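Please read this report with the predicted model open beside it. It goes from single residues to the nonpolar cores and then to the enclosed spaces.

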Amino acid sequence: MNGGSVLPARPIEEAVRHFEAVFGVRDLDSDLLQLALTHRSYAYENGGIPTNERLEFLGDTVLAVSISALLYRNYPQLPEGQLAPMRASVVSMKGLAEVAARLGDGGVGPFVLLGKGEERDGGREKASILADATEALLGALYLQYGPLEADRVVRQFFAPMIREAAGQGAALDWKTSLQEFTADNGLGVPRYWVTETGPDHAKEFTAWAVVAGEEFPEGIGSSKKDAEHQAAQFAWEILAKRLGVTDGNG
């Protein structure tokens, strides 16, 4: 988009028709929908009107609860230590942006209200903006139609991602989850340092995860891989709690 023509958001009437069809609902509240699609850059340029950030906050919780319940029901054999990174993989910024692109022809991007600068910078294609708008839409659905309808929409669009993630080993990998989490929250790439003790036949490995210069509690295992994974889990849990994130997507 950079250097080309900049197209404004499509009219709210078109957005209503689009998302009613996508979500399978009727009489979608146009004011609530417009709020869900209002990025802070647009709000700033239009006199400080409300942004979609509060709806995003609500949608983040709606999504976390629905995905957690879906994982609990569908994967009874998996312990919490595997369910948490699996959830984080699905509801990461990358995952949300992928869902945003599948919400009807053209996805969410053409309908987001952006400021002129964000328009010029290709904001309609930015994963962070698309992810935030998707969570805000879920918040809007929850407010207008209630938790059961919001949960239905989450299951419709996220269940395929969960099955895909379950089929890939990466979804159960704490190191992968930590790397996605730190990327989503602007914390850089995690580093690890490892020590080992004991004889060759009975070595014990200790690993520490380092994020943005901060060292987190050590993980211990009978292999370097196990120790690093435990260290990544500790770092993920501490950072998620600190940042007030329950799903790892920031």
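Asp27 is exposed, because its relative accessible area is 63%, which is over the 50% that the term requires. The residue sits in the loop that joins helix 1 (12-23) to helix 2 (30-36), and its backbone has a positive phi of about 55°, although Asp27 is not a glycine.

Another residue with a positive phi that is not a glycine is Ala212, where the angle is about 50°. Ala212 lies in the loop between strand 2 (204-211) and strand 3 (214-215), and it also counts as exposed, with a relative accessibility of 60%.

Is Thr206 buried or exposed? Thr206, which is placed in strand 2, is buried, because its relative accessible area is 13% and the term applies to values under 20%. When neighbours within four places in sequence are left aside, Thr206 is in contact with Trp193, Val194, Thr195, Glu218, Gly219, Ile220 and Ala227. The C-alpha atom of Thr206 is separated by 45 Å from that of Val108, a residue 98 positions away along the chain.

Val108 leads to the largest nonpolar core, which has 47 residues and in which Phe19, Phe23, Ile67, Val108, Leu137 and Phe158 touch the most other members. At least two residues of this core are supplied by each of helix 1, helix 2, helix 4 (53-74), helix 5 (80-90), helix 6 (93-101), helix 8 (127-145) and helix 9 (147-167). Helix 8 gives the largest share of this core, with nine residues.

For Phe19, leaving aside neighbours within four places in sequence, the residues in contact are Gly24, Val25, Leu28, Leu33, Leu37, Val108, Phe111 and Leu137. A second core, separate from the one just described, has 17 residues and includes Trp174, Phe205, Ala232 and Ala240.

How many cavities of 30 Å³ or more does the structure hold? There are two cavities of that volume or more, and the table sets out their volumes and the classes of the residues that line them.

| Cavity | Volume | Lining residues by class |
|---|---|---|
| Largest | about 50 Å³ | eight nonpolar, one polar, no charged |
| Second largest | about 40 Å³ | seven nonpolar, no polar, one charged |

The lining of the largest cavity is made up of Phe23, Val99, Leu103, Thr134, Leu137, Leu138, Val153, Phe157 and Phe158. Two elements, helix 8 and helix 9, each supply at least two residues of this lining.

Around the second largest cavity, the lining residues are Phe23, Leu28, Asp29, Leu32, Leu33, Leu137, Ala140 and Leu141. Helix 2 and helix 8 are the elements that give two or more residues to this lining, and the largest share, three residues, comes from helix 8.

Read together, these lists return to a few names. Phe23 and Leu137 are among the residues that touch the most other members of the largest nonpolar core, and both residues line the largest cavity as well as the second largest cavity. Phe158, also named among those core residues, lines the largest cavity, while Leu28 and Leu33, which are in contact with Phe19, line the second largest cavity.

Technical notes. Residues are numbered from 1 along each chain as its sequence is written. This is a predicted model: local features need pLDDT of at least 70, side-chain atom pairs count only at pLDDT 80 or more; totals for chains, interfaces and linings use all residues. Side-chain values use heavy atoms; hydrogens and water are left out. Helices (H or I, at least four residues) and strands (E, at least two) are DSSP runs, numbered from the N terminus. Buried means under 20% relative accessible area, exposed over 50%, partly exposed in between (1.4 Å probe, protein chains only). Contact means heavy atoms within 4.5 Å. A nonpolar core is a set of buried Ala, Val, Leu, Ile, Met, Phe, Trp, Tyr and Cys residues joined through side-chain atoms within 4.5 Å. On a 1 Å grid over the protein atoms alone, a cavity is a set of points where a 1.4 Å probe fits but cannot get out, and a pocket is an open set with protein on both sides within 12 Å along at least five of seven lines; lining residues have an atom within 4 Å of a point. Grid points are joined across faces, edges and corners, and a volume is the space filled by probe spheres set on the points. Ala, Val, Leu, Ile, Met, Phe, Trp, Tyr, Cys and Pro count as nonpolar, Asp, Glu, Lys and Arg as charged, and the others, Gly among them, as polar.
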